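Colleague: I should like to learn how to read the features of a structural model in order. Please give the general idea each time, and then the case at hand.

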Amino acid sequence: MEPEVIKVELVLPTHMSFKRIQIYEKYPKGQSKVRWKQLKQILQAENYHNYPPDEANYVNIESPPSMHPCKKICDITGFEAPYHDPRTNLRYANADVFKLVRSLPNEHVQRYLALRKAAVVLK
């Protein structure tokens with residue numbers, strides 16, 4: 001007996017995930033492309049004028065001050081600084097920067113403090 005031969009059609013997906021979709025495939029003739037809204041249209045749709053005036057939003061630039069403390073930044077490197085030198089009052093991030101802070105002359109220390117608006121006369 002011979003086995004029956006069944007005719008099977010190979011079914012392929014219409015879009016391969018590794019291929020880029022061409023615009024003409026994505027939007028066939030007769031369908032429109034998605035249009036971006038302009039800022040004016042977004043603002044009108046959001047009804048920002050109904051919000052209370054003290055609530056911060058995209059239209060209202062005034063907002064309450066932040067409740068989080070300011071980050072302390074190293075005066076030399078710009079990294080976050082968990083330490084400060086009690087003698088010069090400069091902030092530093094690690095031991096290498098601390099050695100540099102201690103070796104700076106007073107004029108340079110005053111300039112660094114002036115940048116941070118914390119300039120004081122050192123003794």
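Modeller: The discussion below moves from the overall fold to single residues.

Modeller: This is a predicted model, in which local features need pLDDT of at least 70 and side-chain atom pairs count only at pLDDT 80 or more, while totals for chains, interfaces and linings use all residues. Residues are numbered from 1 along each chain as its sequence is written, and side-chain values use heavy atoms, with hydrogens and water left out.

Colleague: How many helices and strands does the chain have?

Modeller: Helices (H or I, at least four residues) and strands (E, at least two) are DSSP runs, numbered from the N terminus. Here there are four helices and two strands, in the order α-α-β-β-α-α from the N terminus.

Colleague: Which residues does the UniProt domain annotation cover?

Modeller: UniProt positions are given in the numbering used here, with feature names shortened, and annotations may be inferred rather than shown by experiment. The unreviewed UniProt entry places "domain: Vps72/YL1 C-terminal" at residues 72-101. In the model, that span is 23% helix and 13% strand, and its end C-alpha atoms are 16 Å apart.

Colleague: What share of the chain is buried?

Modeller: A residue is buried under 20% relative accessible area, exposed over 50%, and partly exposed in between (1.4 Å probe, protein chains only). Of the 123 residues in the chain, 13% are buried. Helix α2 is hardly covered, since zero of its eight residues are buried. For the chain, the exposed area is about 12200 Å², of which carbon and sulfur atoms supply 57%; accessible areas come from the Shrake-Rupley method with a 1.4 Å probe, and for residues only the protein chains shown count as cover.

Colleague: What part of the contacts comes from residues 24 or more positions apart?

Modeller: A contact means heavy atoms within 4.5 Å. Among contacts in the chain with a separation of 6 or more, residues 24 or more positions apart account for 16%. Threonine 77 offers a local case: this residue is in the loop between α2 and β1 and is partly exposed, at 37% relative accessible area. Leaving out residues up to four places away in sequence, threonine 77 touches Ala93 and Val97. Threonine 77 and alanine 93 are 16 residues apart in sequence, with 7.7 Å between their C-alpha atoms.

Colleague: How many disulfides does a search of the whole structure find?

Modeller: A disulfide is a pair of cysteine sulfur atoms within 2.5 Å. The search finds zero. Cysteine 70 is exposed, with a relative accessible area of 74%, whereas cysteine 74 is buried, at 4%.

Colleague: Which residues form the salt bridges, beginning with arginine 116?

Modeller: A salt bridge is a side-chain nitrogen of Lys or Arg within 4 Å of a carboxyl oxygen of Asp or Glu. The whole structure has two salt bridges. One joins arginine 116 to aspartate 75, with the closest N and O atoms 3.1 Å apart. This pair links distant parts of the chain, 41 residues apart: arginine 116 is in the segment after α4 (106-115), and aspartate 75 is in the loop between α2 (39-46) and β1 (83-84). Arginine 116 is partly exposed at 24% relative accessible area, and aspartate 75 is buried at 17%.

Modeller: Aspartate 85 and arginine 102 also form a salt bridge, at 2.7 Å from N to O. Aspartate 85 is in the loop between β1 and β2 (91-92) and arginine 102 is in helix α3 (residues 95-103), so the pair ties together parts 17 residues apart in sequence. Aspartate 85 is buried, at 0% relative accessibility, and arginine 102 is partly exposed, at 34%.

Colleague: Why is the ring pair of tyrosine 92 and phenylalanine 98 called tilted?

Modeller: A pair of aromatic rings is described by the distance of the centres and the angle of the planes. Rings of Phe, Tyr and Trp (its six-membered ring) pair if their centres lie within 6.5 Å; planes under 30 degrees apart count as stacked, over 60 as edge-to-face and the rest as tilted. The count here is two aromatic pairs. The rings of tyrosine 92 and phenylalanine 98 have their planes at 40°, with centres 4.8 Å apart, so the pair is tilted. Tyrosine 92 is buried at 13% relative accessibility, and phenylalanine 98 is partly exposed at 27%. Ring pairs join Tyr83, Tyr92 and Phe98 in a cluster.

Colleague: Where does asparagine 89, with its positive phi, lie?

Modeller: Most residues other than glycine have a negative phi. Asparagine 89 has a positive phi near 65° and is found in the loop between β1 and β2. Lysine 117, in the segment after α4, has a positive phi of about 60° and is exposed, at 78% relative accessible area.
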